[in-house]
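Reader: I am new to this structure and would like a close look at a single part of it. Please take one helix and what surrounds it, and then follow the connections outward.

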Amino acid sequence: MSNPCALPSLALPPTEAELKALPQLEKKIARRVGETNAAYKLIEEGDRILVAVSGGKDSWALLDVLERLRKRAPVAFTVDAVTVDPGFPQFNPDPIAETCERLGVPHHIIPAPIDKMVRAKPEELPCIICSRLRRGVLYSFAKQHGYSKIALGHHLDDLIETLLINLFFEGRLSTMPLRLVSDDGANTVIRPLGTCEERDLQRYAWLRGFPIVPCGCPLCGCSSLESRRKQVKELIAAMETSIPRLKASMLGAMGNVKLSHLLDLNLGALHAKGVDEAVERLG
Ligand SMILES: Nc1ncnc2c1ncn2[C@@H]1O[C@H](COP(=O)(O)OP(=O)(O)OP(=O)(O)O)[C@@H](O)[C@H]1O
């Protein structure tokens, strides 16, 4: 979700001096991923993780961080990469395949008729079609090949922006979860970068020299969904200038929900049920 309001482009390769910052940044990201992983049990013994790699900065950072974690973690798990080829003529998955080979990570490319579907349904938002089809393709591939989890590259900024988009435009209090079991129970999606900041991941992917591969969609960044994201992103950036701990506080809030202090009648019933049960248990 990096298209709207893109961060400053890091077009030139890093200098020696800039590269000196890499170990510290790597440590910071690895620490956050490790803590998130432990708290939410994202990766467990024996997991076969399918990392969804678009060729964007976030999924490169995700693949790299998980592959490094795999080599030193006390739990045994495997990491494979998968790229959904949306069929846009401009999309070239070759640099993704080459980089995965260099990293020694098995890589799969799955063609999906996203380009055709977007053209066939001009009345629907292309981003919605794209993410729906992509999710379907990833779910079936993971199920068919026995992967226990699908890892996506969403980060803290994605979670915060989604929270505000749902709050401001959808009348809903929710965001992207760090771990989610699909409705049919067949797939588990994890977001190991969910507590890492986008700017850190962008810098990390740049310092590591990963090739950034555009998805090739001619409409990317143009939909009303993207413009909402852009609006919210700008709002957060503006507020951050006077509230430096804004993102940390929002991250804290997402993990500190007072169910009894919201207005959802269903939650109220659940809360009351929980209290009744607790009282019953106490005799
Ligand atoms: N074509 C694709 N093939 C495989 N996975 C994908 C593809 N497109 C997106 N994803 C997965 O979904 C996540 C979110 O995608 P989205 O396009 O919203 O994000 P992004 O911020 O542009 O991320 P990235 O920098 O990784 O492209 C990605 O990080 C990646 O894990």
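Author: Gly209 follows helix α8 and has a positive phi, near 75 degrees. The model is a predicted one, and α8 itself spans residues 198-207. This helix is mostly covered, with seven of its 10 residues buried. The buried residues are Glu198, Leu201, Gln202, Arg203, Tyr204, Ala205 and Trp206. Charged residues are found in this list as well as nonpolar ones: Glu198 and Arg203 are buried in α8, and Glu and Arg count as charged.

What do the buried residues of α8 pack against? Their partners are three helices: α2 (22-40), α3 and α7 (156-170). Of these, α3 leads on to other parts of the model. Together with β1 and β2, α3 makes a right-handed β-α-β unit. The two strands of that unit run parallel, and five bridges join β1, residues 48-52, to β2. In this pairing Arg48 stands opposite Thr78 of β2.

On from there, β2 also pairs with β3, residues 107-111, again in the parallel sense and over five bridges. Here Val84 is placed opposite Ile110 of β3. Between β2 and β3 the chain passes through helix α4, residues 94-103, and this β-α-β crossover is right-handed.

Helix α3 also has a part in the nonpolar interior. The largest nonpolar core holds 42 residues, and Val51, Ile150 and Ala151 have the most contacts inside it. With six residues, α3 gives the most to this core. In soluble globular proteins, nonpolar side chains tend to be buried together. Leaving aside neighbours within four places in sequence, Ala151 is in contact with Ile49, Leu50, Val51, Ala52, Leu62, Leu66, Ile190 and Pro192. Another core, of five residues, lies apart from the largest one; among its members are Ile114, Cys127, Cys130 and Cys217.

The ligand brings α3 and β2 together once more. There are 17 residues around the ligand, of which Ala52, Ser54, Gly56, Ser59 and Gly153 come nearest. The elements that give two or more residues to this shell are α3 (57-72) and β2 (78-85). By type, the shell divides into seven nonpolar, seven polar and three charged residues. Ala52 thus appears twice in this account: it is among the residues that come nearest to the ligand, and it is also one of the contacts of Ala151.

Key. Residues numbered from 1 in each chain as written. Predicted model: local features only at pLDDT ≥ 70, side-chain atom pairs only at ≥ 80, totals over all residues. Near = placed C-beta within 6 Å. Helix = DSSP H or I, 4+ residues; strand = E, 2+ residues; numbered from the N terminus. Pairing = 2+ DSSP bridges. Right-handed = clockwise from strand over helix to strand, strands pointing away. Core = buried A, V, L, I, M, F, W, Y, C linked by C-beta atoms within 7 Å. Buried ≥ 20, exposed ≤ 12 C-beta atoms within 10 Å, placed from the backbone. Contact = placed C-beta atoms within 7 Å.
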